[in-house]
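Good morning. I'll take a few minutes on one structure, starting with the ligand site and moving on to the sheet and the helices. Please have the view open.

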Amino acid sequence: MVAGASEGLGAAFAAELAARGMNLVLLARRGHLLAEVAEELTGRHGIEVRCVVADLADPAFVEQLASAASGLDVGVVIYNAAFAPLGPFLDNSEPGITEAVDVNVRGPMLAVQALVPAMCDRGRGAVVLMSSLSGLQGTPHIAVYAASKAFNTHLAESLWYELRSHGIDVVACCAGAMPTPGYLKNFGKKVPGMLSPQEAARRTLDALGRGPRFVPGTVNRMTAVLMGRLLSRRSAVRVIGRSTGDVT
Ligand SMILES: NC(=O)c1ccc[n+]([C@@H]2O[C@H](COP(=O)([O-])OP(=O)(O)OC[C@H]3O[C@@H](n4cnc5c(N)ncnc54)[C@H](OP(=O)(O)O)[C@@H]3O)[C@@H](O)[C@H]2O)c1
């Protein structure tokens with residue numbers, strides 16, 4: 001199951017899982033894009049796809065997801081969708097902040113609680129929660145998003161420990177920038193060491209079973225070490241702020 005699968009990294013996760021022979025439950029708001037992804041993957045890999053047109057900001061998505069997944073042995077849960085209010089925090093609108101909390105924070109918890117108990121009963125499965133290098137330190141002008149990504153990293157790490165005795169592996173994918181439609185619309189610029197969404201998806205799935213936190217890409221891993229371990233918090237926030245402080 002991929003939540004946020006109509007384009008970008010989510011569609012890349014779907015394609016990578018399909019290439020590994022897995023049937024899919026794909027969720028997003030734009031049904032026509034989901035249908036295109038589903039048609040391409042069924043045609044290319046001979047798998048089955050169920051599409052769920054739902055808004056992850058609405059907690060009712062859980063019932064739609066549970067109904068689409070009924071009768072299936074869901075083995076992998078990927079919570080990929082996210083919303084990022086941009087610009088100075090004091091200028092962020094209340095609806096934008098609420099959407100980020102609903103989609104980025106409440107959504108992954110509800111999805112895990114809906115689908116993972118059955119995986120525990122079967123004694124196997126995997127969960128990927130999408131985080132970001134932005135979540136390793138405060139990120140000015142992307143503050144709510146960065147805080148929500150830190151939340152996902154910590155949630156995944158906690159669940160990695162809690163669920164491993166049930167046979168479930170959990171990983172937080174702390175991705176760096178990727179040229180997805182969402183990224184290109186908001187930021188437009190390419191940065192050194194960028195992975196394609198396809199490469200990031202492939203490496204993240206390969207990283208399952210290798211620990212609770214994964215940073216895809218060598219340059220991104222070096223960045224994570226610099227920002228998370230070598231620099232003081234003050235310096236790390238200043239460095240990132242020089243790059244994101246003009247985001248509006
Ligand atoms: N791209 C990057 O540079 C980058 C870097 C680090 C981390 N990440 C993380 O990687 C993940 C994917 O990023 P991306 O750039 O591929 O995002 P994206 O291009 O903006 O795509 C987001 C996907 O999530 C879906 N989605 C968003 N809000 C939704 C909602 N309320 N309900 C249902 N579906 C929703 C979108 O589909 P619909 O619009 O059709 O609903 C789309 O399929 C995110 O968690 C992001 O934080 C991205």
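The shell around the ligand consists of 16 nonpolar, 8 polar and 4 charged residues. Keep in mind that this is a predicted model. In total 28 residues surround the ligand, and the closest are Gly-4, Gly-8, Arg-29, Arg-30 and Gly-182. Which elements give two or more residues to that shell? They are α1, residues 8-19, β5, residues 125-132, and α6, residues 181-186.

Next, the sheet. It is open, it has 7 strands, and reading across it the order is β3-β2-β1-β4-β5-β6-β7, with parallel pairing. The edges are β3, residues 49-53, and β7, residues 213-214, each of which pairs on one side only. As background, strands of a sheet pair through backbone hydrogen bonds, either parallel or antiparallel. At the β7 edge, the partner is β6, residues 168-175, and the two strands pair in the parallel sense over 2 bridges. In one of the bridges, Ala-172 is partnered by Arg-213 of β7.

Two helices on the sheet come next. Helix α4, residues 94-122, lies across β1, β4, β5 and β6, and runs at about 170° to β4. Helix α5, residues 143-163, also packs on the sheet, where it touches β5, β6 and β7. The direction of α5 makes about 160° with that of β6.

How are α4 and α5 placed relative to each other? Their axes are 9 Å apart and the packing angle is about 15°. The two helices are therefore roughly parallel to each other, and α4 passes α5 in a right-handed crossing. On the α4 side the contact is made by Ile-97, Ala-100, Asn-104, Val-105, Pro-108, Val-112, Val-116 and Cys-120. On the α5 side it is made by Val-144, Tyr-145, Ser-148, Phe-151, Asn-152, Leu-155, Leu-159 and Leu-163. Sorted by class, that contact has 13 nonpolar, 3 polar and no charged residues.

Back to α1, which we met in the ligand shell. It has two helix contacts to go through.

Take α2 to begin with, residues 31-45. The axes of α1 and α2 come within 10 Å and cross at roughly 20°, so these helices are roughly parallel to each other. The crossing is right-handed. From α1, the residues involved are Ala-11, Ala-14, Ala-15, Ala-18 and Ala-19, and they meet Val-37, Leu-41 and His-45 in α2. By class this gives 7 nonpolar residues, 1 polar and no charged.

Now α7, residues 197-206. It packs with α1 at an angle of about 55°, with the axes 8 Å apart. That angle makes α1 oblique to α7. Here too α1 makes a right-handed crossing. The α1 residues in this contact are Gly-8, Leu-9, Ala-12, Phe-13, Ala-15 and Glu-16. Opposite them in α7 are Pro-197, Gln-198, Ala-200, Ala-201, Arg-202 and Leu-205. The class count for this contact is 8 nonpolar, 2 polar and 2 charged residues.

Two residues are worth selecting in the viewer. Gly-8 is among the closest residues to the ligand, and Gly-8 is also part of the contact with α7. Ala-15 appears in the contact with α2 and in the one with α7.

That is all I have; thank you.

Notes:
Residues numbered from 1 in each chain as written. Predicted model: local features only at pLDDT ≥ 70, side-chain atom pairs only at ≥ 80, totals over all residues. Near = placed C-beta within 6 Å. Helix = DSSP H or I, 4+ residues; strand = E, 2+ residues; numbered from the N terminus. Nonpolar A, V, L, I, M, F, W, Y, C, P; charged D, E, K, R; others polar. Axes fitted to C-alpha atoms, helices over the stretch in contact; angles between N-to-C directions. Parallel < 35°, antiparallel > 145°, perpendicular 65-115°, else oblique. Left-handed = near helix turned anticlockwise from the far one by under 90°. Contact = placed C-beta atoms within 7 Å. Pairing = 2+ DSSP bridges.
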